[in-house]
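Let's take a walk through this model together, starting with how open its side chains are and moving on to the contacts they make.

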Amino acid sequence: MAVQDVAASLYIHPFMLSRWRKQAREGVIVTKGVAIDKEVAAELKELRRVKKAYEQLKIEHDLLKKAIAFTSSPRPISSPSSTSKRTSR
């Protein structure tokens, strides 16, 4: 059946149905009554774990790049007017 026909019969937008199908294929959502091979389920679970770890590493990498840029940027030389002035007695 065409996605448009099924979506129309369920009174939903075809995009939503396509998104649900994609999520079911990726293992993000589990459909009832469909037997999933244990190896496939384990592989999907591992894939989700690796994706989460990858996203965390990307965040950490961006943070480290910012820290390196911050620490390696030249510091402005302080001028005599910016140092504290002491009054002599």
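A residue is called buried when its relative accessible area is under 20%, exposed when it is over 50%, and partly exposed in between. E46 has 38% relative accessibility, so it counts as partly exposed. Please keep in mind that this is a predicted model.

## Overall layout

The chain contains 3 helices and 0 strands, and reading along the sequence gives the pattern α-α-α. Two of the helices will come up often below: α2 covers residues 14-26, and α3 covers residues 38-72.

How much of the chain counts as buried? Of its 89 residues, 6% do. The chain exposes about 8,600 Å², with carbon and sulfur atoms supplying 62% of that area.

## Helix α2 and its end

Helix α2 has 13 residues, which at 1.5 Å a residue should span 18 Å. The C-alpha atoms at its ends are 19 Å apart, and this agrees with the expected span. Just after α2 comes G27, whose phi is positive, at about 85°.

Helix α2 also holds one of the salt bridges. K22 pairs with E26, and their closest N and O atoms are 3.2 Å apart. Both residues belong to α2 and sit 4 residues apart, about one turn of the helix. K22 is partly exposed at a relative accessible area of 43%, and E26 is also partly exposed, at 30%.

## A buried leucine

L17 is another residue of helix α2. Is L17 buried or exposed? Its relative accessibility is 12%, so L17 counts as buried, the cut-off for that class being under 20%.

Which residues does L17 touch, leaving aside those up to four places away in sequence? The contacts are V3, V6, A7 and I12. For A7, there is also a backbone distance to look at: the C-alpha atoms of L17 and A7 are separated by 6.3 Å, although the two residues are 10 apart along the chain.

## Salt bridges along α3

How many salt bridges does a search of the whole structure find? The total is 3. Besides the K22 and E26 pair in α2, there is one between E46 and R49, with the closest N and O atoms 2.6 Å apart. E46 and R49 both lie in helix α3, 3 residues apart, or about one turn. Like E46, which is partly exposed at 38%, R49 falls in the partly exposed class, with a relative accessible area of 49%.

K58 and E55 form a salt bridge too, their closest N and O atoms lying 3.6 Å apart. These two residues are 3 residues apart in helix α3, so about one helical turn separates K58 from E55. K58 has 37% relative accessibility and counts as partly exposed; E55, at 39%, is partly exposed as well.

## A nonpolar patch on the surface

Which residues form the nonpolar patch on the surface? They are V30, V34, I36 and V40, which together have about 350 Å² of accessible area.

One of these residues, V34, is found in the loop between α2 and α3. V34 is partly exposed, with a relative accessible area of 49%. That value is over 30%, the cut-off a residue must pass to be part of a patch, so V34 meets this condition.

Technical notes:
Residues numbered from 1 in each chain as written. Predicted model: local features only at pLDDT ≥ 70, side-chain atom pairs only at ≥ 80, totals over all residues. Heavy atoms only, no water. Salt bridge = Lys/Arg side-chain N within 4 Å of Asp/Glu carboxyl O. Buried < 20%, exposed > 50% of the residue type's maximum accessible area, 1.4 Å probe, protein only. Patch = residues over 30% accessible without salt bridge, like charges linked within 9 Å, V, L, I, M, F, W, Y side chains within 5 Å. Areas by Shrake-Rupley, 256 points an atom, 1.4 Å probe, with all protein chains shown as cover. Expected span 1.5 Å × (residues − 1). Contact = heavy atoms within 4.5 Å.
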